[in-house]
Amino acid sequence: MDLNDKIKFFINRGFFYESQSIYGSRSGFYDYGSLGTLLKRRFENLWRIYFEKLFDNIYEIQPSEIMHKNTFIASRHLELFNDPIVECKNGHRFRADKLIEEKLNIRAESLTIEEMNKIFDEERVVCPECGSKLSHVKLFNLMFPIYVGPVYDLFLILEEIKRKYGFLVDLLIKKYRKINEKELNYIIKNYLKNKKLYSINLNNEKYIFDENKEIIIKIKDNEYYLYSENIEIKEEDINYLEILNNAEEIKIDFNINELYSLIKSYIELKNNEMFLRPETAQGPYVNFPNEIIINRYRLPLGLYVIGKAFRNEISPRNVLLRMREFTQAELQIFFDYYNNPFENEFEFYKDKYINVLLVKDRDKKLPYVEKSLEEIYNETKIDKFYLYFLYKVYEFYINILKVPKERIRFYQLSDNEKSFYNMYHFDIEIYLDEIGWTEVGGIHFRVLKFNRDIINKVDEEIRKDVENLFIGDEIYVGYDLWNHFILSKDRRFILTRPNGSKFIPVELELSFGVDRNIFSLLLINYDGKILKLPDYLSPIQIAIFPLLENNENMVKVAKQIYNKLRKKFDVYYDESGRIGIRYKRQDEIGTYYCITVDDQTLKDNTVTIRFRDTKEQIRVNINDLEKFFEERFDIWKIL
Ligand SMILES: [Zn+2]
């Protein structure tokens, strides 16, 4: 079964749909259907319970999805959260790095803009739609701006400025070059002589042009300037200057106050711009001052968000893998770099093995190497606490999500590939037969190191505070907490140690794409017949059938069981069709347990429970069903 067949199947069964297809879908937006929503809810609950219990003092918060411009000035998203795009002459647009990755089969994360431009210049990659040459790379910010309050629409303002004054701007911003009178005469004779000409006077400058404005003559202080593209001018002996005097003057209704007020509303609007968050992470960072006080300055502190994030992806693809609106589950862990509370945990786990692809092992051409935490530590000197968290994430995939061991790896990013603010960055990757290794999450140690030079680089108002952070000649601070402190000057970002010294905590981020994980789970567990999710992840927990749809007694008992169990579980009642077909329908969507009411039920009050994968059937007394399933679905047993 190929990827498209599987996707068709999931759409037909109600896991997800293209959003609003009745009006023609826009790519990058998907709706979860009833089954998909149940699966997503189970995934999120498992994630929530597992990660919330990593240590004492972890809390879920629900920050706003629309966020302040300053938040993204501090986080530098406005400046740096760009994708490189390329364009062909027919207007097809693509994300440059992904296109290179696909066509040349290399990782493009570490390529510079110049290196990418070279690839397009040399036409090693051309437009996949039409085969034409691609432009140089342009940067495109991925955030969705939002205009809040009773504001005049930005685009309406721009339209009005353009409609009323656009042609003036057009005249003013063009690049002119000076020409002599003989050249001018040549231009007039060859290009303007038989055309209707117009003129405008602006600030002691006179502009003369034809209706297409392809050639514009600017006269200033009796000197001539020309705007034209690709015209080679020769000298001309005959005088045609008279013609210019006959140009029809356009009297413009130039209302400077109106223009100013339009520009003012435009600037106001841009200043009050807010943004849909491009990651959930900023919520915990800006709420750190509130939560650290509420939780009585206890560290380590964990704050997590499960919620929507929005990115204006240039080329959304692979259904739930790259969407424009998506769900993240991100845990931010804050602690004092110099009093690392997790250092000792490593000792308990150092003999545990995980699949990793370290930068140094990449040339071995293996998908991963199985290594113990201790081996990784000896080879890389990566902080022990970080390796401990790698293992905790690994456990979540192996023990909870039941992802087969050979399908999961941690991919270490090199210094060129990772962001400058990540001291360590490993991607969590799952192997999908249809797509290959797929990023489903990442573990980021977001920390900056400064020496004393930084003191004089910050605003005078907070210089003393920054100086106080130094004990020796260097400090480590969390990237985001530092940036929010510098911009907001809110001193609650600075904490005090018992001995009186000051610090800003560092940040470890465990970041997961919920939709990517769900899509991966669907792909690796569906074999064309059965969706082999663990019983506690399956959307429908229990299906209930009467063996024969026209046997009144069987139907009655089955409905009684259904009505009882549906108060506690997500159950499905089905009485139509042959029993084999009903089992098959449930197998396909992953239902692990099917209860059937048959002849014997009517004699001894027992039903069969059929197990999805083994097809094994056992008989259980109706009165024991609730207890049986409570035990099966007890999440604490699973964890
Ligand atoms: Zn094209």
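Biologist: At about what angle to E13 does helix H8 run?
Modeller: This is a predicted model, in which local features need pLDDT of at least 70, side-chain atom pairs count only at pLDDT 80 or more, and totals for chains, interfaces and linings use all residues. Residues are numbered from 1 along each chain as its sequence is written. Helix H8 (residues 181–192) lies across E9, E10, E11 and E13; helices (H or I, at least four residues) and strands (E, at least two) are DSSP runs numbered from the N terminus. With axes fitted to C-alpha atoms, for helices over the stretch in contact, and angles running from 0 to 180 degrees between N-to-C directions, the angle of H8 to E13 is about 45°.

Biologist: Which are the edge strands of the open sheet E9-E13-E12-E11-E10-E14?
Modeller: This open sheet has six strands and mixed pairing, where two strands pair if DSSP finds at least two bridges between them. An edge strand pairs on one side only. The edge strands are E9 (177–179) and E14 (248–249).

Biologist: Which residue in E12 does tyrosine 207 stand opposite?
Modeller: Strand E11 (residues 205–210) runs antiparallel to strand E12 (residues 216–220), and four bridges join them. Opposite tyrosine 207, in E12, stands lysine 218.

Biologist: How far apart are the C-alpha centres of domain 3 and domain 4?
Modeller: An automatic or database domain assignment supplies the bounds. Domain 3 covers 153–249 and domain 4 covers 531–637. The distance between their C-alpha centres is 83 Å.

Biologist: What is the radius of gyration of the protein?
Modeller: The C-alpha trace spans about 115 × 75 × 55 Å along its principal axes. The globule rule (2.2 Å times the number of residues to the power 0.38) gives 26 Å for 639 residues. The protein is well over that value and therefore more spread out than a compact globule, its radius of gyration, taken over C-alpha atoms, being 33 Å.

Biologist: How many of the eight residues of strand E26 are buried?
Modeller: A residue is buried if 20 or more other C-beta atoms, placed from the backbone, lie within 10 Å of its own, exposed if 12 or fewer, and partly exposed in between. Strand E26 (residues 506–513) is largely enclosed by the rest of the structure, because its buried residues number seven.

Biologist: Which residue in E26 is the bridge partner of phenylalanine 445?
Modeller: E26 pairs in the antiparallel sense with strand E17 (residues 325–335) over eight bridges, and with strand E22 (residues 436–451) over six. Leucine 331 has leucine 510 in E26 as its bridge partner. For phenylalanine 445, the partner in E26 is leucine 508.

Biologist: How many of the 12 residues of helix H17 are buried?
Modeller: Helix H17 occupies residues 514–525, and what covers its buried residues includes H1, H2, E17, E21, E22 and E26. Among these buried residues are Val514, Phe519 and Ile524. H17 is mostly covered, and its buried residues number 11.

Biologist: With which residues is arginine 407 in contact, leaving aside its neighbours within four places in sequence?
Modeller: Arginine 407 lies in the loop between helix H14 (384–400) and strand E20 (408–412). With 19 other C-beta atoms within 10 Å, arginine 407 is partly exposed. Counting residues as in contact if their C-beta atoms, placed from the backbone, lie within 7 Å, arginine 407 is in contact with Ile430, Tyr431 and Ile524.

Notes: Contact = placed C-beta atoms within 7 Å. Expected span 1.5 Å × (residues − 1).
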